[in-house]
Amino acid sequence: MAIQRRMNLTIEQVFPAGAFIVGAVEPVQDWDQAPLPDGTRPQKIDKETGLPTWTVPVLDPDPEAGKNEKTVNVKILATHQPVPPKNEAGLPFVPVEFTELVGVPWIDDSGNRPKLMWSLTAMGMDAPGAARKPAAGAAAGSKAAA
């Protein structure tokens, strides 16, 4: 059986109770490259897309998530620093959904027992439901064709 290493995932599969941004979007440093003259590290570039890699900490409010699984980092591939959606819910954290979410499994063997973990990468982020809403023109066009 040939199972691909990279798996396309839906936001509902990864975050069934929703997802919330709990920190700043920051560039991922490339530790495989030499430091720049000022001592900082260059930003990591995704090998497949050639896009800069950013990271954002995300809270998973799923009651079944373990205490060490409540916050995960999601990488975002984008030319420019991604901007989180507006927090229109008035919550202390920003609700978010990720577009074109991909998971890559890996084994964390740093503890007493190895466990399966997932590295999550997305092509973008938006307010919950925004990516699934049809464009106004598309909705009007479908009514006209009916």
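## A friendly tour of a predicted model

In this predicted model, residues 134-146 keep a pLDDT under 50, and that stretch has zero contacts beyond four places in sequence. Across the protein as a whole, the mean pLDDT is 86, with 87% of the residues at 70 or more. The rest of this briefing goes from the overall build to the two largest pockets, and then to four residues you may like to find in the viewer.

**Overall build**

- The protein has two helices and ten strands.
- Read from the N terminus, the order of these elements is β-α-β-β-β-β-β-β-β-β-β-α.
- Among contacts with a separation of 6 or more, 61% join residues that are 24 or more positions apart.
- The protein counts 146 residues, and 30% of them are buried.
- About 10000 Å² of the protein is exposed, and 55% of that area comes from carbon and sulfur atoms.

**The largest pocket**

- The largest pocket holds about 580 Å³ of space.
- Its lining is made up of 21 residues, and those closest to the centre are Val14, Glu69, Val72, Trp118 and Leu120.
- Which elements each supply at least two residues of this lining? They are helix H1 (11-14), strand E5 (71-77) and strand E9 (115-122).
- Strand E9 contributes the most to the lining of the largest pocket, giving five residues.
- Sorted by class, the lining of the largest pocket comprises eleven nonpolar, five polar and five charged residues.

**The second largest pocket**

- The volume of the second largest pocket is about 340 Å³.
- For this pocket the lining consists of 13 residues, and Arg6, Lys44, Asp46, Lys75 and Thr121 are nearest the centre.
- Strands E5 and E9 are the elements that give two or more residues to the lining of the second largest pocket.
- Here the classes are three nonpolar, three polar and seven charged residues.

**Arg6, at the second largest pocket**

- Arg6 is among the residues nearest the centre of the second largest pocket, and it sits in the segment before strand E1 (7-9).
- Is Arg6 buried, partly exposed or exposed? Arg6 counts as partly exposed because its relative accessibility is 35%.
- Beyond residues up to four places away in sequence, Arg6 touches Glu48, Val102, Gly103 and Val104.
- One of these partners, Val104, is 98 residues from Arg6 in sequence, yet their C-alpha atoms are 4.9 Å apart in space.

**Two residues in the loop between E5 and E6**

- Phe93 belongs to the loop that joins E5 to strand E6 (94-95), and Pro82 also lies between E5 and E6.
- With a relative accessibility of 35%, Phe93 is classed as partly exposed, whereas Pro82, at 12%, counts as buried.
- Why does Pro82 count as buried? Its relative accessibility is 12%, and the cut-off for buried is under 20%.
- Which residues does Phe93 contact, leaving aside neighbours within four places in sequence? They are Phe20, Ile21, Val22, Leu59 and Asn87.
- Val22 and Phe93 are 71 residues apart along the chain, and 5.7 Å separates their C-alpha atoms.
- With neighbours within four places in sequence left aside, the contacts of Pro82 are Val25, Trp54, Ile76 and Met125.
- Pro82 and Asp126 lie 44 residues apart in sequence, with a C-alpha to C-alpha distance of 9.7 Å.

**Glu100, a residue with positive phi**

- Glu100 is found in the loop between strand E7 (97-99) and strand E8 (101-108).
- Its phi is near 50 degrees, which is a positive value in a residue other than glycine.
- Is Glu100 buried or exposed? Glu100 is exposed, because its relative accessible area is 61% and the cut-off for exposed is over 50%.

Terms used. Residues are numbered from 1 along each chain as its sequence is written. This is a predicted model: local features need pLDDT of at least 70, side-chain atom pairs count only at pLDDT 80 or more; totals for chains, interfaces and linings use all residues. Side-chain values use heavy atoms; hydrogens and water are left out. Helices (H or I, at least four residues) and strands (E, at least two) are DSSP runs, numbered from the N terminus. Buried means under 20% relative accessible area, exposed over 50%, partly exposed in between (1.4 Å probe, protein chains only). Contact means heavy atoms within 4.5 Å. Accessible areas come from the Shrake-Rupley method with a 1.4 Å probe; for residues, only the protein chains shown count as cover. On a 1 Å grid over the protein atoms alone, a cavity is a set of points where a 1.4 Å probe fits but cannot get out, and a pocket is an open set with protein on both sides within 12 Å along at least five of seven lines; lining residues have an atom within 4 Å of a point. Grid points are joined across faces, edges and corners, and a volume is the space filled by probe spheres set on the points. Ala, Val, Leu, Ile, Met, Phe, Trp, Tyr, Cys and Pro count as nonpolar, Asp, Glu, Lys and Arg as charged, and the others, Gly among them, as polar. pLDDT is the predictor's confidence in each residue, from 0 to 100.
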